[in-house]
Amino acid sequence: MRCAQFRTALSARLDGEPSGLADARLDKHVARCAGCRDWLERAERLRGRVLAAAADGPSPEWSARLMVGLEAEGLAGRAPEGPQAAER
């Protein structure tokens with residue numbers, strides 16, 4: 001199984017959706033794979049930023065703060081990964 005498949009499953013798990021893989025298998029891969037561990041840490045930070053910013057509502061200021069945060073994390077302008085990416 002490739003890391004992209006594990007990352008898709010991790011993304012689903014972060015969103016509270018079925019991942020299609022056992023949690024133990026995901027956790028074992030993340031423990032062994034530095035790339036996926038880094039990806040998961042960044043995804044968790046991004047999710048936290050979005051949730052915290054969303055509490056303020058979708059104002060222009062909120063959007064500006066989100067973009068600054070994304071740029072600081074190196075995520076602005078990157079192609080999305082995960083199951084939602086195929087829908088776009």
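**Exercise 1.** Take Arg 49 in this predicted model: work out which accessibility class it falls in, and which residue its side chain meets in a salt bridge.

*Solution.* Start with the surface. Arg 49 has a relative accessibility of 38%, so it counts as partly exposed. Next, look for the partner: that's Glu 73, with an N to O distance of 3.8 Å. The cut-off is 4 Å, so the pair makes the list. Now place the two ends. Arg 49 sits in helix α3 and Glu 73 in helix α4 (residues 60-73), so this bridge ties together parts 24 residues apart in sequence. Glu 73 is partly exposed too, at 21%.

**Exercise 2.** Find the salt-bridge partner of Asp 38 and say how the two are spaced along their helix.

*Solution.* The partner is Arg 42, and the closest N and O atoms are 3.2 Å apart. Both belong to helix α3 (residues 34-54); they're four residues apart, so about one helical turn separates them. Then check the surroundings: Asp 38 is partly exposed at 37%, whereas Arg 42 is buried at 16%. Buried means under 20%, so Arg 42 qualifies.

**Exercise 3.** Track down the acidic residues networked with Arg 13.

*Solution.* First, the pair with Asp 27: closest N and O atoms 2.9 Å apart. This one links distant parts of the chain, from Arg 13 in helix α1 (residues 3-14) to Asp 27 in helix α2 (residues 23-32), 14 residues apart. Both ends are partly exposed, Arg 13 at 27% and Asp 27 at 40%. Last step: add Asp 23, which is linked with Arg 13 and Asp 27 in a network of salt bridges.

Technical notes
Residues are numbered from 1 along each chain as its sequence is written. This is a predicted model: local features need pLDDT of at least 70, side-chain atom pairs count only at pLDDT 80 or more; totals for chains, interfaces and linings use all residues. Side-chain values use heavy atoms; hydrogens and water are left out. Buried means under 20% relative accessible area, exposed over 50%, partly exposed in between (1.4 Å probe, protein chains only).
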